Amino acid sequence: MKALILNSGLGSRMGVLTAEQPKCMTEISYCETILSRQLKMLAEAGIRDVVITTGAFAEVLKDYCRGLDLPLSISFIHNPRYRETNYIYSIYCAREQLMDDDILLMHGDLVFENRVLELVMDSDVSCMAVSSEIPLPEKDFKAVILDGIIRKVGIDFFDEAMAAQPFYLLKRNDWKVWMDSIAGFCERNIVTCYAEDAFNEVSAQCGLHPLDIGDMLCSEIDNSVDLDRVSDRLKEISARTVYMCFSTDMVHSGHISIIRKAARLGKLIIGVLSDEAVASYKRFPLLPFSERKVIFENITGVYQVTEQKTLSYKGNLEKFHPDFVVHGDDWVKGFQKPVRDEVISVLASYGGRLVEFPYSDDEKYLSLESRARADLALPDVRRARLKKMIAMKGTVNAIEAHSGITGLIAEKTVVYQNGQAHQFDAMWISSLCDSTSKGKPDIELVDMTSRFRTIDDIMEVTTKPIIFDGDTGGLTEHFVYTVRTLERMGVSMVIIEDKTGLKKNSLFGTEVVQTQDSIENFSAKIQAGKMAQKTRDFMICARIESLILEQGMEDALRRAFAYTGAGADAIMIHSRRKEPGEVFEFVEKFRAQDTVTPIVVVPTSFNAVTEEEFKAKGINVVIYANQLTRTGFPAMQNAARTILEHHRAKECDDICMPIQEIITLIPEE
Ligand code: SPV
Ligand code: MG
């Protein structure tokens, strides 16, 4: 596409302003002339070739254009008869430069806003800018429209007409028809009329469509009154702001292209989603907020970058009051719809507008995302993430997984509530559930090799960090090997409990015989584990069973400080009471002396407490230790009973996942 700018006119109605230079060099805003503004906008929109017709002060104009130093190849075509002819003759002079291309035609005194340029350039058909909102002008151009096609353009038509501006996109075939007509006029020396008179003779073959630009700025400057009016509008336009939000950590050409478009609407403020919001919305960001912010700050066209702490735009919209919010049209439906609805209502409250561009679901971008996910599963990346999550969110949650499929449930389950997304931060490989799924009691009977196999099954299909239930850790001499293996696999944390001998599940409490280890022995085990690990990321958490075994708060606290002294990276305090009182008392007393060591809880019995309440108390990891197992097996038992009762499977169908769903549940990579 080539741009053609007609600058051969004398501009005599501009008075002194055109005494020494062409009209297009009139200043319209600070440091900007009509022409510099046009050329900059064309260059930014990707136009490379421009033809400018010249008349008076041709050399002044050429020097000026060169001085602008824009990435444009400009051909200057002089109309030697500029005093006695109209621009129909200038176009005729330039005809050889204007063959075989789509032409963006504009008058040299036309000032327009970026949205107009974008609409005209994006048109699939030949078009002319018209306005349904501006009253018909007395003296300026009007377009007569019949059956959706422009039949005539001129100043004397008032019926079936709309106000029109000399701003056209002409597809090459339509342009050829018009050009031939222009040539016919000029060769008959009809050179003082408008080029549009030549168009009117061939309009039926041109297919020129009206493009309604409403009240957007697109105006010629004929005199000083126009100049003042347009300059005022430009001040208003240059103060406009645009807001966009990004969660991405991999900026690609699709993002750049939408940023470019958005920046043409005004000063672009980008909200970069906080790490916490990104992690809850899709996955842990590969780059932290601080780095993502710097990337956006350095993209051309970005005016300001700010943090958006939630998926909701409300806070930032109320703070910045942008004139526009730009987004892809993918959020019209789906989980982001409530976010969009809220944006629309906040914008409506102060008169802002939402601009949506078509969303590109390009294959190459999707594969970037799946590569990022694959990276998250690498041992080093996965292992380090639990610590980062705790630092980032303060409190993280984990759900039990004991197989590939339960791992996938932990990985993929997302709940959207009021424009917020919630998902689990990590997985807990419970000894109870791992044993149960193998039909065995939770007494350290399932050996470590088998437990590692479970971890591997889960790791193969997931990316989230793993907390491993290491039971008692076994003999210290064995525990050091366990630590090394877990660390190598990419597990983030092992939790070992301070029991010895035949371990039973804590939820039995004192109903069964269980022996607590001595502080010395257990501390030595922790120390040996810490010595064995190779990375800084891996965490050993000491689980205190004093409350379970009714040894009292003092004992629990004494152990907690001894274990952290021995190097424990975190403390888990366990309880089987329905009320959280003793856990909260422990946390309060522990926090009075230690504000940093993460505290872990497993609220199987005190399950009425919410994550927010745990967070408020200073608890950092909340583990839902067995809920998938406790819901999955009863459903299976029910199915088995139903079949036995009916001697067939039909009655079971209602409680079964459809065959089609089960065979497509796991997508092939
Ligand atoms: C497990 O899930 O195996 C645990 C937690 O160790 S509890 O069952 O509460 O002891
Ligand atoms: Mg256990």
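**View 1. Lys-319 is exposed, with a relative accessible area of 58%.** This is a predicted model. The cut-off for "exposed" is over 50%, so Lys-319 qualifies with its 58%. Lys-319 belongs to helix α11, which covers residues 314-320. How far apart are the C-alpha atoms of Lys-319 and Arg-373? The separation is 34 Å. Along the chain, these two residues are 54 residues apart.

**View 2. A magnesium ion is held by two residues, Ser-431 and Asp-469.** The ion is ligand 2. Ser-431 offers its OG atom, and Asp-469 offers an OD atom. Both coordinate the ion at 2.1 Å. Where do the two residues sit? Ser-431 is in helix α16 (residues 431-437), and Asp-469 is in strand β23 (residues 466-469). The pair therefore ties together parts that are 38 residues apart in sequence. Are these residues buried or exposed? Ser-431 is buried, at a relative accessible area of 2%. Asp-469 is buried too, at 4%. Buried means under 20%, so the 2% of Ser-431 meets the cut-off, and so does the 4% of Asp-469.

**View 3. Asp-471 sits in the loop between β23 and α18.** Helix α18 spans 476-489. Asp-471 counts as buried, because its relative accessibility is 4%. Which residues does Asp-471 contact, leaving aside neighbours within four places in sequence? The list is Ser-431, Asp-442, Glu-444, Arg-451, Ile-495, Ile-496, Glu-497 and Lys-503. One of these, Ser-431, also coordinates the magnesium ion.

**View 4. Lys-504 is found in the loop between β25 and β26.** Strand β25 covers 499-500, and strand β26 covers 515-516. Is Lys-504 buried, exposed or partly exposed? Its relative accessibility is 23%, so Lys-504 counts as partly exposed. Residues up to four places away in sequence are not counted among its contacts. With those set aside, Lys-504 touches Asp-442, Ile-443, Lys-499, Val-512, Val-513 and Gln-514. Now look at Glu-444. Lys-504 and Glu-444 are 60 residues apart in sequence. In space, their C-alpha atoms are 8.2 Å apart.

**View 5. Helix α1 crosses helix α2 at roughly 45°.** Helix α1 runs over residues 34-44, and helix α2 over residues 58-68. Their axes come within 11 Å. The angle makes α1 oblique to α2. The crossing is right-handed. Which residues make the contact? From α1 come Leu-35, Ser-36 and Leu-39. From α2 come Leu-61, Tyr-64, Cys-65 and Leu-68. By class, this contact has 6 nonpolar residues, 1 polar residue and no charged residues.

**View 6. Helix α17 packs against helix α18 at an angle of about 10°.** Helix α17 spans residues 448-461. The two axes are 11 Å apart. Angles under 35 degrees count as roughly parallel. The angle therefore makes α17 roughly parallel to α18. On the α17 side, the contact uses Met-448, Phe-452, Ile-455, Asp-456 and Met-459. On the α18 side, Thr-482, Thr-485, Leu-486 and Met-489 take part. How many nonpolar, polar and charged residues does this contact have? It has 6 nonpolar, 2 polar and 1 charged.

**View 7. Helix α18 also packs with helix α19, at an angle of about 35°.** Helix α19 covers residues 519-532. The axes of α18 and α19 are 9 Å apart. The crossing is right-handed. From α18, the contact residues are Thr-476, Phe-479, Val-480, Val-483 and Arg-484. From α19, they are Ala-524, Lys-525, Ala-528, Gly-529 and Ala-532. By class, 6 are nonpolar, 2 polar and 2 charged.

**View 8. Asp-147 and Glu-160 each have a positive phi without being glycine.** The phi of Asp-147 is near 50°. Asp-147 lies in the loop between β9 (142-146) and β10 (149-154). Asp-147 is exposed, with a relative accessible area of 76%. Next comes Glu-160. Its phi is about 55°. Which loop holds Glu-160? The loop between β10 and β11 (161-170) does. Glu-160 is exposed as well, at a relative accessible area of 58%.

Notes
Residues are numbered from 1 along each chain as its sequence is written. Chains are lettered from A and ligands numbered from 1 in the order in which they are written. This is a predicted model: local features need pLDDT of at least 70, side-chain atom pairs count only at pLDDT 80 or more; totals for chains, interfaces and linings use all residues. Side-chain values use heavy atoms; hydrogens and water are left out. Donors are N, O and S atoms within 2.8 Å of the metal (3.2 Å for Na, K and Ca); water is not among the atoms, so sites may look incomplete. Helices (H or I, at least four residues) and strands (E, at least two) are DSSP runs, numbered from the N terminus. Buried means under 20% relative accessible area, exposed over 50%, partly exposed in between (1.4 Å probe, protein chains only). Axes are lines fitted to C-alpha atoms, for helices over the stretch in contact, and angles run from 0 to 180 degrees between N-to-C directions. Angles under 35 degrees count as roughly parallel, over 145 as roughly antiparallel, 65 to 115 as roughly perpendicular and the rest as oblique. A crossing is left-handed if the near helix is turned anticlockwise from the far one by less than a right angle, and right-handed if clockwise. Contact means heavy atoms within 4.5 Å. Ala, Val, Leu, Ile, Met, Phe, Trp, Tyr, Cys and Pro count as nonpolar, Asp, Glu, Lys and Arg as charged, and the others, Gly among them, as polar.
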